[in-house]
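Work through the following exercises with the sequence and the model open beside you, and try each task before you read its solution.

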Amino acid sequence: MDEQLFFEKLNNLCTSKEIFYFLSSLEVMSDTMASGALQRISEVEVDDNGLKNPALLENEVFRALCFQFEFECSKLSNTGLLNALQALIKLRIDPQSTLMASLLSESEERLGKGQLTAENLCALGESLLELEGPSCATLEQIVNHMEEKDIERWSPREIVMVYKILQVTVREGKQCQNLLNRLNSVTLCTVSQLSPNFASVILNSLVVLRQTQAVPLVTALCKLSVKHVPYFTDHELVNVLEAFLYFGQKVQIFTEALERHVPESILTMHPQTVSKVMQYCCKKMILSKPIFDAVAESFISNADRLTTDQIAAYIIPFGILNYLPPSASSLFRKLETVLHTRLRYFQPHTLLNLLHSCVLIQRYPINFLPKIFSPYFLQKLQAQPPGLNRVVMSQLTQLFLTVTLECPFYEGPKLLSKYQVKAFPTLHSSPDVHLFKRVKTGLLYLLKKRIYFASEVSTPYFYVVDIEIKLDEEGFVLPAAQLEEVHRRIALCVDGQNRFCAHSHNLLGEEAIKQRHLQLLGYEVVQIPFFETENLRNTRKIADYLHKKIFPCTYGLSN
């Protein structure tokens with residue numbers, strides 16, 4: 001039978017029984033046809049759970065095919081040999097069998113003689129990765145042969161396979177940067193032809209291979225990913241999100257694609273994929289209400305099936321980005337229920353991060369704080385990386401300050417002073433240098449002398465005030481150094497873009513809790529957000545704006 005007609009008929013058959021019946025009707029077939037038949041059997045009889053019907057391996061037609069490949073492997077074409085090897089691996093044939101040993105030996109002999117094309121090398125590499133894993137010594141030999149080939153003529157499938165092989169050989173300590181540079185250049189020209197799977201695999205390889213210099217290729221793949229978002233599998237989407245995070249990519253239309261995809265698909269998405277989406281949003285400071293609202297609803301329904309790390313991954317971004325979804329009351333009620341039943345299973349640092357994120361948005365874990373402040377728990381924190389570093393101690397201190405200021409009814413254990421920091425570290429809270437300078441210039445114009453305000457003032461309450469102004473009982477401004485007769489303290493929060501969610505006027509959680517606590521500590525908090533001052537072009541306008549914000553009850557500026 002003509003090969004083209006054979007494959008047309010073969011590809012229309014949907015069960016091994018149909019395939020065996022079809023094959024038994026043929027008197028003669030080429031090795032390419034025979035290996036194609038094995039591949040088709042593996043396609044219809046193997047799923048994610050393995051071989052559907054192990055009895056097919058005993059079928060006499062199947063055994064005849066295997067016999068032909070085992071005892072005539074030296075006569076096979078490269079394509080027939082390597083396609084058969086791939087199909088038999090997929091069918092879970094014992095790697096120690098004489099059949100597999102014969103095919104592998106013949107393949108490696110032809111590799112050593114340089115008889116394999118680029119396509120053959122990719123097929124062999126794929127088989128060896130599946131069969132022996134990244135430690136297979138032959139993979140390095142395949143890479144050496146690849147370097148001699150004409151990369152410019154490779155198909156997307158061959159390109160992807162080479163990235164996969166390089167991913168494991170370089171990870172094992174082998175350096176192939178010259179080949180990678182050529183491969184990256186060729187891939188850039190074929191980006192538009194890549195399927196969702198190929199795009200995801202290449203991005204994952206670029207991360208593993210640390211190809212930070214391949215900016216044009218990474219950018220092109222990230223832009224391509226936008227249209228593929230609805231078609232990625234969970235695993236592929238995780239790879240793509242990890243690449244966006246690793247390479248620092250931030251494509252607004254990719255976020256918009258996620259906002260369409262996640263709410264529609266969240267019921268079927270794997271929790272680890274949802275966790276990665278939330279990590280992406282959190283790291284990029286993207287407050288996506290469609291995504292966060294969908295994740296909140298998913299948590300309410302599925303929290304009992306999540307691991308402790310997944311619970312934390314779902315919830316922590318709500319606190320970091322300072323957002324309460326419409327279902328907040330149900331969300332945190334469910335979280336409390338889960339914590340009551342599974343508290344002991346949380347790793348110490350995961351639990352601390354989770355509870356700290358809750359207080360950022362005024363959800364107070366009163367019932368669990370006695371555990372957090374207990375010497376036993378603090379010892380566990382210290383024993384596990386990163387230990388009791390400055391960030392961890394700041395979280396503990398802020399939890400303690402929160403219950404002191406916002407939960408006066410709390411009567412449990414206190415946090416010992418040796419675990420408290422004197423000032424909170426400035427992760428995102430350092431003032432925007434340019435905005436800070438403009439505000440100070442405007443204040444100098446307004447108050448005439450620099451002595452009337454102080455900048456970056458440490459308080460006894462762990463917070464640093466951007467700018468502090470002191471007033472006496474009659475409302476007159478006092479010199480910043482004066483300690484007596486201070487009736488009011490004004491804290492100016494100079495909030496640059498770094499204190500807000502991306503493309504948003506929504507304060508981050510750490511800044512929101514700071515301003516809340518400063519008010520409770522007796523300060524009059526005046527917020528100076530970047531978006532209110534960016535269009536004020538001169539010092540006079542800045543000063544006029546500050547006058548209205550800080551002293552709204554007095555009139556005009558003196559000339």
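**Exercise 1: A salt bridge between distant parts of the chain**

Lys-334 is buried, with a relative accessible area of 18%, where buried means under 20% relative accessible area, exposed means over 50%, and partly exposed lies in between (1.4 Å probe, protein chains only). Before going on, note that this is a predicted model, in which local features need pLDDT of at least 70 and side-chain atom pairs count only at pLDDT 80 or more, while totals for chains, interfaces and linings use all residues. Residues are numbered from 1 along each chain as its sequence is written, and side-chain values use heavy atoms, with hydrogens and water left out.

Task: Find which side chain meets Lys-334 in a salt bridge, and state where the two residues lie.

Solution. Begin with the term itself: a salt bridge is a side-chain nitrogen of Lys or Arg within 4 Å of a carboxyl oxygen of Asp or Glu. The partner of Lys-334 is Asp-304, with 3.1 Å from N to O. Next, place both residues: Asp-304 is in the loop between helix H16 (289–302) and helix H17 (308–320), whereas Lys-334 is in helix H18 (residues 328–342), so that the pair, 30 residues apart, links distant parts of the chain. Helices here (H or I, at least four residues) are DSSP runs, numbered from the N terminus. Finally, consider accessibility: Asp-304 has a relative accessible area of 55% and is therefore exposed, while its partner Lys-334 is buried.

**Exercise 2: Two more salt bridges**

Task: Describe the salt bridge of Glu-43 with Arg-40 and that of Asp-495 with Arg-499, and say for each residue whether it is buried, partly exposed or exposed.

Solution. Take Glu-43 and Arg-40 to start with; their closest N and O atoms are 2.9 Å apart. Both belong to helix H3, and because they are three residues apart there, about one helical turn separates them. Glu-43, at 43% relative accessibility, counts as partly exposed, whereas Arg-40, at 15%, counts as buried.

Now turn to Asp-495 and Arg-499, whose side chains meet at 2.8 Å, N to O. Asp-495 is buried, with a relative accessible area of 0%, and Arg-499 is buried as well, with 1%. Through salt bridges that share partners, these two residues are joined with Asp-466, Glu-511 and Lys-514 into one network. A search of the whole structure finds 16 salt bridges.

**Exercise 3: How H2 packs against H3**

Task: Work out how helix H2 (residues 16–24) and helix H3 (residues 31–45) are arranged, and which residues meet.

Solution. Start with the geometry: the two helices pack at an angle of about 160°, and their axes are 9 Å apart. Axes are lines fitted to C-alpha atoms, for helices over the stretch in contact, and angles run from 0 to 180 degrees between N-to-C directions. H2 and H3 are therefore roughly antiparallel to each other, since angles under 35 degrees count as roughly parallel, over 145 as roughly antiparallel, 65 to 115 as roughly perpendicular and the rest as oblique. Their crossing is right-handed; a crossing is left-handed if the near helix is turned anticlockwise from the far one by less than a right angle, and right-handed if clockwise.

Then look at the contact, which means heavy atoms within 4.5 Å. From H2 come Ser-16, Ile-19, Phe-20 and Leu-23, and they meet Ala-37, Arg-40, Ile-41, Val-44 and Glu-45 of H3. Sorted by class, the contact has six nonpolar, one polar and two charged residues, where Ala, Val, Leu, Ile, Met, Phe, Trp, Tyr, Cys and Pro count as nonpolar, Asp, Glu, Lys and Arg as charged, and the others, Gly among them, as polar.

**Exercise 4: How H4 crosses H6**

Task: Repeat the analysis for helix H4 (residues 60–71) and helix H6 (residues 98–112).

Solution. The axes come within 8 Å and cross at roughly 40°, and H4 and H6 are therefore oblique to each other. The crossing of H4 and H6 is left-handed. In the contact, Cys-66, Phe-69 and Glu-70 of H4 meet Thr-98, Leu-99, Ser-102 and Leu-103 of H6, which gives four nonpolar, two polar and one charged residues by class.
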